[in-house]
Amino acid sequence: MKKSILITGGAGFIGSHVVKLFVSKYPDYQIINLDALTYAGNLENLKEVEGAPNYKFVKADIKDAEALKTIFESHKITDVIHLAAESHVDRSISDPLAFVMTNVIGTVNLLNVAKEFWKGELDQHLFYHVSTDEVYGSLHDGSFFLETTPYDPQSPYSASKASSDHFVRAYANTYKMRTVVSNCSNNYGPNHFPEKLIPLCIHNIKNNKPLPVYGKGENVRDWLFVKDHARAIDTVFHQGKPGETYNIGGFNEWKNIDIVRLLCQKMDEKLGREEGSSEKLITYVTDRAGHDLRYAIDATKIQQELGWEPSLQFEEGIELTIDWYLANQDWLDHVTSGAYQDYYSELYGNR
Ligand code: NAD
Ligand code: TYD
(Lines give C-alpha, C1' and ligand atoms only; values in the text may rest on other atoms or scores of the structure.)
(Ligands and ions follow the chains in the order given, each with its own letter.)
Protein backbone atom coordinates (compact mmCIF):
# COMPACT_ATOMS: atom_id res chain seq x y z
CA MET A 1 0.00 0.00 0.00
CA LYS A 2 1.36 3.43 -0.93
CA LYS A 3 1.93 5.51 2.18
CA SER A 4 -0.09 8.69 2.62
CA ILE A 5 1.24 10.21 5.82
CA LEU A 6 -0.61 12.89 7.76
CA ILE A 7 1.91 15.12 9.54
CA THR A 8 0.18 17.46 11.99
CA GLY A 9 1.79 20.72 13.04
CA GLY A 10 3.97 20.67 9.93
CA ALA A 11 4.13 24.47 9.69
CA GLY A 12 5.72 24.73 13.15
CA PHE A 13 9.37 24.59 14.13
CA ILE A 14 10.01 20.84 14.36
CA GLY A 15 7.13 19.79 12.10
CA SER A 16 8.46 21.83 9.18
CA HIS A 17 11.83 20.05 9.40
CA VAL A 18 10.07 16.68 9.53
CA VAL A 19 7.91 17.57 6.51
CA LYS A 20 10.95 18.76 4.50
CA LEU A 21 12.89 15.61 5.36
CA PHE A 22 10.05 13.23 4.43
CA VAL A 23 9.04 15.06 1.22
CA SER A 24 12.60 15.06 -0.12
CA LYS A 25 13.75 11.67 1.16
CA TYR A 26 10.62 9.67 0.28
CA PRO A 27 9.27 10.75 -3.13
CA ASP A 28 6.97 7.69 -3.12
CA TYR A 29 5.16 8.83 0.03
CA GLN A 30 2.35 11.34 -0.12
CA ILE A 31 2.90 13.87 2.66
CA ILE A 32 -0.16 15.73 3.92
CA ASN A 33 0.74 18.61 6.21
CA LEU A 34 -2.20 19.52 8.46
CA ASP A 35 -1.82 22.72 10.45
CA ALA A 36 -4.21 25.27 11.93
CA LEU A 37 -1.63 28.05 11.39
CA THR A 38 -1.79 29.43 14.91
CA TYR A 39 0.73 32.17 15.77
CA ALA A 40 3.38 29.38 15.74
CA GLY A 41 2.57 28.03 12.28
CA ASN A 42 4.49 29.61 9.42
CA LEU A 43 4.22 28.38 5.84
CA GLU A 44 7.36 30.34 5.00
CA ASN A 45 9.18 27.46 6.75
CA LEU A 46 8.14 25.20 3.89
CA LYS A 47 9.01 27.22 0.79
CA GLU A 48 11.47 24.62 -0.48
CA VAL A 49 8.81 21.87 -0.71
CA GLU A 50 5.77 23.96 -1.70
CA GLY A 51 5.69 22.75 -5.30
CA ALA A 52 6.73 19.13 -4.67
CA PRO A 53 4.34 16.62 -6.30
CA ASN A 54 4.20 14.47 -3.14
CA TYR A 55 3.35 17.36 -0.80
CA LYS A 56 0.04 18.93 0.15
CA PHE A 57 -0.84 21.49 2.81
CA VAL A 58 -4.27 21.47 4.44
CA LYS A 59 -5.36 24.16 6.87
CA ALA A 60 -7.36 22.50 9.65
CA ASP A 61 -7.65 22.35 13.40
CA ILE A 62 -7.16 19.03 15.20
CA LYS A 63 -10.01 20.03 17.49
CA ASP A 64 -12.36 19.80 14.49
CA ALA A 65 -13.34 16.11 14.15
CA GLU A 66 -15.41 16.62 10.97
CA ALA A 67 -12.50 18.32 9.21
CA LEU A 68 -10.20 15.47 10.26
CA LYS A 69 -12.62 12.84 8.88
CA THR A 70 -12.77 14.60 5.52
CA ILE A 71 -8.98 14.78 5.35
CA PHE A 72 -8.54 11.08 6.22
CA GLU A 73 -11.09 10.15 3.56
CA SER A 74 -9.94 12.41 0.77
CA HIS A 75 -6.24 11.59 1.22
CA LYS A 76 -6.67 7.94 2.28
CA ILE A 77 -4.34 8.50 5.22
CA THR A 78 -2.28 5.41 6.05
CA ASP A 79 -0.18 6.75 8.94
CA VAL A 80 0.00 9.75 11.27
CA ILE A 81 2.96 11.64 12.70
CA HIS A 82 1.39 13.94 15.26
CA LEU A 83 3.29 17.10 16.22
CA ALA A 84 0.54 19.75 16.37
CA ALA A 85 0.46 21.26 19.82
CA GLU A 86 0.61 24.39 21.87
CA SER A 87 4.27 24.25 22.83
CA HIS A 88 5.34 27.21 24.94
CA VAL A 89 5.49 26.76 28.73
CA ASP A 90 5.05 30.49 29.49
CA ARG A 91 1.86 30.63 27.41
CA SER A 92 0.59 27.52 29.22
CA ILE A 93 0.96 29.39 32.51
CA SER A 94 -1.19 32.30 31.31
CA ASP A 95 -3.72 30.21 29.32
CA PRO A 96 -3.77 26.54 30.43
CA LEU A 97 -7.12 25.74 28.81
CA ALA A 98 -5.79 26.40 25.31
CA PHE A 99 -3.27 23.63 26.03
CA VAL A 100 -5.95 21.22 27.22
CA MET A 101 -8.05 21.95 24.14
CA THR A 102 -5.33 21.38 21.55
CA ASN A 103 -2.92 18.99 23.24
CA VAL A 104 -5.46 16.76 24.98
CA ILE A 105 -8.83 17.13 23.19
CA GLY A 106 -7.17 17.62 19.80
CA THR A 107 -5.05 14.50 20.23
CA VAL A 108 -8.04 12.40 21.33
CA ASN A 109 -10.01 13.69 18.32
CA LEU A 110 -7.21 12.62 16.03
CA LEU A 111 -6.96 9.20 17.69
CA ASN A 112 -10.72 8.70 17.29
CA VAL A 113 -10.77 9.64 13.64
CA ALA A 114 -7.75 7.45 12.88
CA LYS A 115 -9.28 4.51 14.80
CA GLU A 116 -12.56 4.75 12.88
CA PHE A 117 -10.92 5.27 9.51
CA TRP A 118 -8.54 2.31 9.99
CA LYS A 119 -11.25 0.04 11.48
CA GLY A 120 -10.61 -3.66 10.77
CA GLU A 121 -7.02 -3.00 9.69
CA LEU A 122 -5.55 -1.19 12.70
CA ASP A 123 -2.50 -3.47 12.55
CA GLN A 124 -1.53 -2.04 9.16
CA HIS A 125 -1.27 1.62 10.20
CA LEU A 126 0.88 3.62 12.59
CA PHE A 127 -0.04 6.50 14.87
CA TYR A 128 3.21 8.17 15.90
CA HIS A 129 2.88 10.69 18.74
CA VAL A 130 5.70 13.20 19.18
CA SER A 131 6.15 14.30 22.77
CA THR A 132 8.52 15.98 25.16
CA ASP A 133 10.86 15.03 28.00
CA GLU A 134 9.02 17.58 30.17
CA VAL A 135 6.39 14.92 31.00
CA TYR A 136 8.97 13.34 33.34
CA GLY A 137 9.12 16.44 35.52
CA SER A 138 12.18 18.13 36.96
CA LEU A 139 15.48 16.51 37.95
CA HIS A 140 17.12 17.56 41.19
CA ASP A 141 19.99 15.06 41.28
CA GLY A 142 22.47 13.79 38.70
CA SER A 143 20.07 11.26 37.16
CA PHE A 144 18.60 11.09 33.65
CA PHE A 145 15.15 10.51 32.20
CA LEU A 146 14.68 6.94 31.02
CA GLU A 147 11.68 5.57 29.12
CA THR A 148 10.65 3.96 32.41
CA THR A 149 10.87 7.16 34.50
CA PRO A 150 7.43 7.79 36.08
CA TYR A 151 5.51 10.74 34.68
CA ASP A 152 5.56 13.80 36.94
CA PRO A 153 4.61 16.85 34.84
CA GLN A 154 5.00 20.19 36.59
CA SER A 155 3.64 22.83 34.16
CA PRO A 156 0.28 23.09 32.41
CA TYR A 157 2.17 22.44 29.13
CA SER A 158 3.84 19.26 30.35
CA ALA A 159 0.63 18.11 32.08
CA SER A 160 -1.26 18.44 28.78
CA LYS A 161 1.47 16.58 26.87
CA ALA A 162 1.57 13.85 29.55
CA SER A 163 -2.18 13.47 29.25
CA SER A 164 -1.98 13.12 25.48
CA ASP A 165 0.80 10.50 25.83
CA HIS A 166 -1.44 8.52 28.20
CA PHE A 167 -4.33 8.64 25.75
CA VAL A 168 -2.13 7.35 22.93
CA ARG A 169 -0.99 4.41 25.07
CA ALA A 170 -4.58 3.80 26.23
CA TYR A 171 -5.69 3.52 22.59
CA ALA A 172 -2.89 1.03 21.92
CA ASN A 173 -3.93 -1.08 24.88
CA THR A 174 -7.71 -0.80 24.50
CA TYR A 175 -8.24 -0.75 20.73
CA LYS A 176 -4.97 -2.39 19.68
CA MET A 177 -3.92 0.62 17.63
CA ARG A 178 -0.30 0.50 16.46
CA THR A 179 1.25 3.47 18.19
CA VAL A 180 4.69 4.72 19.03
CA VAL A 181 5.69 7.64 21.27
CA SER A 182 8.94 9.56 21.42
CA ASN A 183 9.91 12.05 24.12
CA CYS A 184 12.56 14.54 23.09
CA SER A 185 14.62 17.15 24.89
CA ASN A 186 14.77 20.87 23.97
CA ASN A 187 15.34 21.50 20.27
CA TYR A 188 17.17 24.43 18.69
CA GLY A 189 17.94 25.44 15.10
CA PRO A 190 16.54 27.31 12.08
CA ASN A 191 12.85 28.33 12.07
CA HIS A 192 12.55 28.36 15.86
CA PHE A 193 9.91 30.90 16.92
CA PRO A 194 11.64 33.79 18.74
CA GLU A 195 9.65 33.39 21.96
CA LYS A 196 11.92 30.50 23.01
CA LEU A 197 15.26 31.09 24.71
CA ILE A 198 17.82 30.62 21.90
CA PRO A 199 16.10 32.46 19.01
CA LEU A 200 14.88 35.17 21.40
CA CYS A 201 18.47 35.84 22.51
CA ILE A 202 19.80 35.81 18.94
CA HIS A 203 17.13 38.31 17.92
CA ASN A 204 17.66 40.55 20.96
CA ILE A 205 21.46 40.52 20.75
CA LYS A 206 21.23 41.55 17.10
CA ASN A 207 18.90 44.42 18.06
CA ASN A 208 20.73 45.42 21.26
CA LYS A 209 17.72 44.57 23.40
CA PRO A 210 17.78 43.11 26.96
CA LEU A 211 18.29 39.34 27.30
CA PRO A 212 15.77 38.20 29.93
CA VAL A 213 17.25 35.41 32.04
CA TYR A 214 14.71 33.84 34.40
CA GLY A 215 15.77 33.53 38.03
CA LYS A 216 19.51 32.98 38.36
CA GLY A 217 19.90 31.28 34.98
CA GLU A 218 20.90 28.07 36.75
CA ASN A 219 18.21 25.89 35.15
CA VAL A 220 19.58 23.17 32.90
CA ARG A 221 18.25 21.98 29.53
CA ASP A 222 19.53 19.23 27.21
CA TRP A 223 19.71 20.71 23.69
CA LEU A 224 19.36 18.84 20.41
CA PHE A 225 19.66 20.25 16.87
CA VAL A 226 16.23 20.18 15.25
CA LYS A 227 17.38 18.29 12.15
CA ASP A 228 18.72 15.55 14.40
CA HIS A 229 15.28 15.31 15.99
CA ALA A 230 13.72 15.08 12.51
CA ARG A 231 16.18 12.26 11.67
CA ALA A 232 15.23 10.51 14.91
CA ILE A 233 11.53 10.79 14.02
CA ASP A 234 12.30 9.24 10.61
CA THR A 235 14.15 6.40 12.38
CA VAL A 236 11.40 5.77 14.94
CA PHE A 237 8.67 5.96 12.28
CA HIS A 238 10.37 3.30 10.14
CA GLN A 239 12.08 1.09 12.70
CA GLY A 240 10.41 1.75 16.06
CA LYS A 241 8.58 -1.17 17.65
CA PRO A 242 4.83 -0.53 17.96
CA GLY A 243 3.80 0.07 21.56
CA GLU A 244 7.27 1.33 22.49
CA THR A 245 8.54 4.68 23.73
CA TYR A 246 11.86 6.20 22.67
CA ASN A 247 13.65 9.01 24.48
CA ILE A 248 15.54 11.35 22.16
CA GLY A 249 18.23 13.72 23.41
CA GLY A 250 21.55 15.29 22.69
CA PHE A 251 23.59 14.27 25.77
CA ASN A 252 24.17 18.01 25.81
CA GLU A 253 23.29 19.76 29.07
CA TRP A 254 23.68 23.50 29.48
CA LYS A 255 22.75 26.00 32.17
CA ASN A 256 20.65 28.77 30.64
CA ILE A 257 23.12 31.48 31.62
CA ASP A 258 25.98 29.62 29.93
CA ILE A 259 23.98 29.34 26.70
CA VAL A 260 23.17 33.05 26.82
CA ARG A 261 26.86 33.89 27.37
CA LEU A 262 27.91 31.59 24.52
CA LEU A 263 25.42 33.29 22.20
CA CYS A 264 26.73 36.72 23.26
CA GLN A 265 30.32 35.70 22.59
CA LYS A 266 29.58 34.15 19.18
CA MET A 267 27.41 37.07 18.11
CA ASP A 268 30.04 39.62 19.16
CA GLU A 269 32.48 37.80 16.86
CA LYS A 270 30.04 37.53 13.97
CA LEU A 271 28.75 41.09 14.22
CA GLY A 272 32.25 42.51 14.69
CA ARG A 273 31.38 43.95 18.11
CA GLU A 274 33.81 44.55 20.91
CA GLU A 275 34.35 41.40 23.00
CA GLY A 276 31.97 41.33 26.00
CA SER A 277 29.62 44.03 24.68
CA SER A 278 26.54 41.80 24.20
CA GLU A 279 26.88 40.31 27.70
CA LYS A 280 25.92 43.73 29.04
CA LEU A 281 22.43 43.05 27.70
CA ILE A 282 21.89 40.16 30.14
CA THR A 283 19.03 41.08 32.50
CA TYR A 284 17.95 38.82 35.33
CA VAL A 285 14.15 38.82 35.56
CA THR A 286 11.53 37.23 37.83
CA ASP A 287 11.65 33.46 37.60
CA ARG A 288 9.03 31.44 35.71
CA ALA A 289 6.36 30.08 38.08
CA GLY A 290 7.15 26.46 38.97
CA HIS A 291 10.30 26.57 36.79
CA ASP A 292 11.64 23.02 36.23
CA LEU A 293 15.27 22.88 37.37
CA ARG A 294 16.85 20.34 35.05
CA TYR A 295 15.95 18.09 32.13
CA ALA A 296 18.38 15.43 30.87
CA ILE A 297 17.60 12.54 28.57
CA ASP A 298 19.24 9.15 28.52
CA ALA A 299 19.01 8.29 24.82
CA THR A 300 20.72 4.91 25.09
CA LYS A 301 17.66 2.92 23.98
CA ILE A 302 17.22 4.64 20.61
CA GLN A 303 21.00 4.52 20.08
CA GLN A 304 21.34 0.83 20.84
CA GLU A 305 18.07 -0.49 19.41
CA LEU A 306 17.60 1.76 16.37
CA GLY A 307 21.13 3.04 15.75
CA TRP A 308 20.23 6.75 15.94
CA GLU A 309 22.55 9.31 17.47
CA PRO A 310 22.97 13.07 17.17
CA SER A 311 25.07 14.03 14.14
CA LEU A 312 26.09 17.52 15.28
CA GLN A 313 28.14 18.79 18.19
CA PHE A 314 26.48 21.71 19.96
CA GLU A 315 29.18 24.27 19.02
CA GLU A 316 28.64 23.39 15.35
CA GLY A 317 24.84 23.45 15.66
CA ILE A 318 24.80 26.80 17.41
CA GLU A 319 27.07 28.31 14.71
CA LEU A 320 24.71 27.01 12.01
CA THR A 321 21.74 28.40 13.91
CA ILE A 322 23.18 31.89 14.41
CA ASP A 323 24.30 31.98 10.76
CA TRP A 324 20.80 30.96 9.65
CA TYR A 325 19.15 33.75 11.64
CA LEU A 326 21.64 36.32 10.39
CA ALA A 327 21.12 35.19 6.78
CA ASN A 328 17.33 35.05 7.10
CA GLN A 329 16.50 38.48 8.43
CA ASP A 330 13.33 38.47 6.28
CA TRP A 331 12.01 35.39 8.08
CA LEU A 332 12.64 37.01 11.45
CA ASP A 333 11.17 40.37 10.35
CA HIS A 334 8.02 38.63 9.08
CA VAL A 335 7.67 36.65 12.31
CA THR A 336 8.22 39.62 14.59
CA SER A 337 5.95 41.93 12.55
CA GLY A 338 3.23 39.30 12.05
CA ALA A 339 3.56 39.52 8.24
CA TYR A 340 4.18 35.76 8.03
CA GLN A 341 0.49 35.27 8.71
CA ASP A 342 -0.35 36.91 5.36
CA TYR A 343 1.68 34.32 3.50
CA TYR A 344 -1.13 31.77 3.68
CA SER A 345 -3.63 34.07 1.97
CA GLU A 346 -1.03 34.96 -0.65
CA LEU A 347 -0.60 31.26 -1.40
CA TYR A 348 -4.08 29.89 -0.89
CA GLY A 349 -6.45 32.86 -1.06
CA ASN A 350 -9.41 32.57 1.30
CA ARG A 351 -9.40 28.79 1.65
P1 NAD B 1 5.54 24.86 17.45
O2 NAD B 1 4.75 25.62 18.45
O3 NAD B 1 6.67 25.52 16.74
O4 NAD B 1 4.56 24.30 16.32
C5 NAD B 1 3.31 23.76 16.60
C6 NAD B 1 2.51 23.71 15.31
O7 NAD B 1 1.23 23.14 15.61
C8 NAD B 1 2.25 25.10 14.70
O9 NAD B 1 2.51 25.06 13.31
C10 NAD B 1 0.79 25.35 14.99
O11 NAD B 1 0.15 26.15 14.00
C12 NAD B 1 0.24 23.94 15.01
N13 NAD B 1 -0.98 23.84 15.82
C14 NAD B 1 -1.19 24.33 17.08
N15 NAD B 1 -2.44 24.06 17.48
C16 NAD B 1 -3.04 23.38 16.46
C17 NAD B 1 -4.31 22.82 16.30
N18 NAD B 1 -5.26 22.94 17.25
N19 NAD B 1 -4.59 22.18 15.14
C20 NAD B 1 -3.66 22.06 14.18
N21 NAD B 1 -2.44 22.59 14.27
C22 NAD B 1 -2.12 23.24 15.41
O23 NAD B 1 6.02 23.56 18.21
P24 NAD B 1 7.34 22.69 18.02
O25 NAD B 1 8.39 23.24 18.90
O26 NAD B 1 7.61 22.49 16.58
O27 NAD B 1 6.87 21.31 18.66
C28 NAD B 1 6.23 20.32 17.86
C29 NAD B 1 5.90 19.12 18.73
O30 NAD B 1 7.09 18.60 19.32
C31 NAD B 1 4.97 19.46 19.89
O32 NAD B 1 4.07 18.38 20.04
C33 NAD B 1 5.89 19.57 21.09
O34 NAD B 1 5.21 19.24 22.27
C35 NAD B 1 6.96 18.56 20.74
N36 NAD B 1 8.30 18.84 21.29
C37 NAD B 1 8.88 20.07 21.16
C38 NAD B 1 10.16 20.28 21.66
C39 NAD B 1 10.86 21.61 21.49
O40 NAD B 1 11.97 21.79 22.02
N41 NAD B 1 10.32 22.57 20.74
C42 NAD B 1 10.85 19.24 22.28
C43 NAD B 1 10.22 17.99 22.39
C44 NAD B 1 8.95 17.80 21.88
P1 TYD C 1 12.18 27.64 26.57
O2 TYD C 1 12.98 27.91 25.34
O3 TYD C 1 10.91 28.38 26.80
O4 TYD C 1 11.95 26.06 26.64
P5 TYD C 1 11.37 25.15 27.86
O6 TYD C 1 10.75 26.02 28.87
O7 TYD C 1 10.37 24.29 27.16
O8 TYD C 1 12.55 24.38 28.37
O9 TYD C 1 13.11 27.93 27.82
C10 TYD C 1 14.37 27.30 27.98
C11 TYD C 1 14.94 27.70 29.32
O12 TYD C 1 15.25 29.10 29.27
C13 TYD C 1 13.95 27.55 30.46
O14 TYD C 1 14.67 27.14 31.61
C15 TYD C 1 13.38 28.93 30.66
C16 TYD C 1 14.53 29.84 30.27
N17 TYD C 1 14.17 31.13 29.64
C18 TYD C 1 14.76 32.30 30.10
O19 TYD C 1 15.58 32.30 31.04
N20 TYD C 1 14.42 33.48 29.48
C21 TYD C 1 13.51 33.53 28.45
O22 TYD C 1 13.23 34.64 27.94
C23 TYD C 1 12.93 32.30 27.99
C24 TYD C 1 11.93 32.31 26.87
C25 TYD C 1 13.30 31.13 28.62
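Q: What makes arginine 221 a polar contact of ligand 2 in this predicted model?
A: An N or O atom in the arginine 221 side chain is 2.7 Å from an oxygen atom of ligand 2. A polar contact needs a pair of N or O atoms within 3.5 Å, so this pair qualifies.

Q: How do you know that asparagine 186 and arginine 288 make polar contacts with ligand 2 too?
A: Each has a polar side-chain atom by an oxygen atom of ligand 2, at 2.9 Å for asparagine 186 and at 2.5 Å for arginine 288. With the limit at 3.5 Å, both pairs therefore count.

Q: What makes aspartate 61, isoleucine 62 and glycine 12 polar contacts of ligand 1?
A: A nitrogen atom of ligand 1 is 2.9 Å from an N or O atom in the aspartate 61 side chain. For isoleucine 62, a polar backbone atom is 3.0 Å from a ligand 1 nitrogen, while for glycine 12 a polar backbone atom is 3.0 Å from a ligand 1 oxygen. These distances are within 3.5 Å, so the three pairs pass.

Q: Why is helix α1 called oblique to helix α7?
A: Their axes come within 9 Å and cross at roughly 60°. Roughly parallel means under 35 degrees and roughly perpendicular means 65 to 115, so α1 is oblique to α7. The crossing is right-handed.

Q: Which residue classes make up the contact of α1 with α7?
A: Phe13 and Leu21 are among the α1 residues there, and Ile233 and Asp234 are among those of α7. By class, the contact has nine nonpolar, three polar and four charged residues.

How values were computed. Residues numbered from 1 in each chain as written. Chains lettered and ligands numbered in written order. Predicted model: local features only at pLDDT ≥ 70, side-chain atom pairs only at ≥ 80, totals over all residues. Heavy atoms only, no water. Axes fitted to C-alpha atoms, helices over the stretch in contact; angles between N-to-C directions. Helix = DSSP H or I, 4+ residues; strand = E, 2+ residues; numbered from the N terminus. Parallel < 35°, antiparallel > 145°, perpendicular 65-115°, else oblique. Left-handed = near helix turned anticlockwise from the far one by under 90°. Contact = heavy atoms within 4.5 Å. Nonpolar A, V, L, I, M, F, W, Y, C, P; charged D, E, K, R; others polar. Polar contact = N/O pair within 3.5 Å; in protein donor to acceptor, adjacent residues only side chain to side chain.
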